[in-house]
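Me: I have a model open and would like to talk through its strands, its charged pairs and its confidence. Could you take me through it step by step?

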Amino acid sequence: MLDGLMMPFLRRQRDLVLAAPLAGAVVPLTSVRDETFSTGILGTGVAIQPAGERVVAPANAKIEAIFPTGHAVALHTEDGLDILIHLGLDTVGLRGKHFKVHARPGETVERGAVLIEFERAQIEAEGYDTIVPVLVRNALEFSSLTPTEKRRVSELDDLIYVRGR
């Protein structure tokens, strides 16, 4: 009986690390020029100004949704993080042009698997901002989220440190 009462106190806090789904410059979410992202309406996180042209799975995860236009993907990681990766601002207007999707909803992917490839220069040439918000949609389920202090990341570098409750 005592063991049952003590279990909540003996549970170890789970600390998680979300990897960068793409390489580039790390930008505070508050600097993104879209209030939907900068105010945290869709979740907490950071943004990356891409240096490359692909998005990889930042963790072992299930694809919850991937837009047919290829501009965004939602994942549920095996550690319990609900992630939204949104490629560019207002890029839904491209209707899939310059995006190549490599994953499907319901699919389970391994960390590092290529999810989406995109033609960054062509997207920019059409007047779109290519910044990529990386959001933890269920941030309230965790005690804290801390972005990396690095100014630049490579694919799969530590991006966001998550402290469990």
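Reply: Let me begin with the term that the sheets rest on: two strands pair if DSSP finds at least two bridges between them. Please keep in mind throughout that this is a predicted model.

Me: OK, so in what sense do S1 and S14 pair, and over how many bridges?
Reply: Strand S1, which covers residues 15-19, pairs with S14 in the antiparallel sense, and the pairing runs over 5 bridges. Within that pairing, Asp 15 stands opposite Arg 163 in S14.

Me: And what about S12 and S14?
Reply: Strand S12 (residues 144-147) also pairs with S14 in the antiparallel sense, over 4 bridges. Thr 146 stands opposite Tyr 161 in S14, while Pro 147 has Ile 160 as its bridge partner in that strand.

Me: What's the strand order in that sheet, then?
Reply: The order is S1-S14-S12, in an open sheet of 3 strands with antiparallel pairing. S1 and S12 are the edge strands, each of which pairs on one side only, and the twist from one strand to the next averages 20°.

Me: Which strands make up the sheet with S10 in it?
Reply: That open sheet has 3 strands in the order S4-S10-S8, with antiparallel pairing. S4 and S8 stand at its edges with a single partner strand each, so one side of each has no neighbour in the sheet. The twist there averages 15° from one strand to the next.

Me: Which residue stands opposite Phe 99?
Reply: Phe 99 stands opposite Phe 118 in S10. The two strands concerned, S8 and S10 (residues 114-118), pair in the antiparallel sense over 3 bridges.

Me: Switching to charges: how many salt bridges does the structure hold?
Reply: The structure holds 5 salt bridges. One of them joins the side chains of Arg 54 and Glu 155, at 2.8 Å from N to O. Arg 54 lies in strand S4 (residues 54-56) and Glu 155 in the loop between strand S13 (152-153) and strand S14 (158-163), so this pair ties together parts that are 101 residues apart in sequence.

Me: How accessible are Arg 54 and Glu 155?
Reply: Arg 54 has a relative accessibility of 34% and therefore counts as partly exposed. Glu 155, at 27%, also counts as partly exposed.

Me: What does Lys 97 pair with?
Reply: The side chain of Lys 97 meets that of Glu 126 in a salt bridge, at 3.0 Å from N to O. This pair links distant parts of the chain, 29 residues apart: Lys 97 is in the loop between strand S7 (82-86) and strand S8 (99-101), and Glu 126 is in the loop between helix H3 (120-125) and strand S11 (132-136). Lys 97 is partly exposed, with a relative accessible area of 46%, and Glu 126 counts as partly exposed at 37%.

Me: And which residue does Lys 150 meet?
Reply: Lys 150 meets Asp 157 in a salt bridge between their side chains, at 3.5 Å from N to O. Lys 150 is partly exposed, with a relative accessible area of 42%, and Asp 157 is partly exposed at 22%.

Me: Where does Thr 148 sit?
Reply: Thr 148 is found in the loop between S12 and S13. The side chain of Thr 148 reaches the backbone nitrogen of Lys 150 at 3.1 Å, which is the Lys that meets Asp 157 in the salt bridge we just discussed.

Me: Is Thr 148 buried or exposed, and why?
Reply: Thr 148 has a relative accessible area of 10%, and buried means under 20%, so Thr 148 counts as buried. Leaving aside residues up to four places away in sequence, Thr 148 touches Val 26, Val 153, Asp 158, Leu 159 and Tyr 161. Tyr 161 in S14 came up earlier, as the residue that Thr 146 stands opposite.

Me: Last topic, confidence. What does the chain average in pLDDT?
Reply: The protein chain averages a pLDDT of 93, and 92% of the residues score at least 70.

Me: Where does pLDDT stay under 50?
Reply: It stays under 50 over residues 5-12, and for that stretch the model has 0 contacts beyond four places in sequence.

Terms used:
Residues are numbered from 1 along each chain as its sequence is written. This is a predicted model: local features need pLDDT of at least 70, side-chain atom pairs count only at pLDDT 80 or more; totals for chains, interfaces and linings use all residues. Side-chain values use heavy atoms; hydrogens and water are left out. A salt bridge is a side-chain nitrogen of Lys or Arg within 4 Å of a carboxyl oxygen of Asp or Glu. Buried means under 20% relative accessible area, exposed over 50%, partly exposed in between (1.4 Å probe, protein chains only). pLDDT is the predictor's confidence in each residue, from 0 to 100. Contact means heavy atoms within 4.5 Å. A polar contact is a pair of N or O atoms within 3.5 Å; within protein, one must be able to donate a hydrogen and the other to accept it, and residues adjacent in sequence count only if both atoms are side-chain atoms. Axes are lines fitted to C-alpha atoms, for helices over the stretch in contact, and angles run from 0 to 180 degrees between N-to-C directions.
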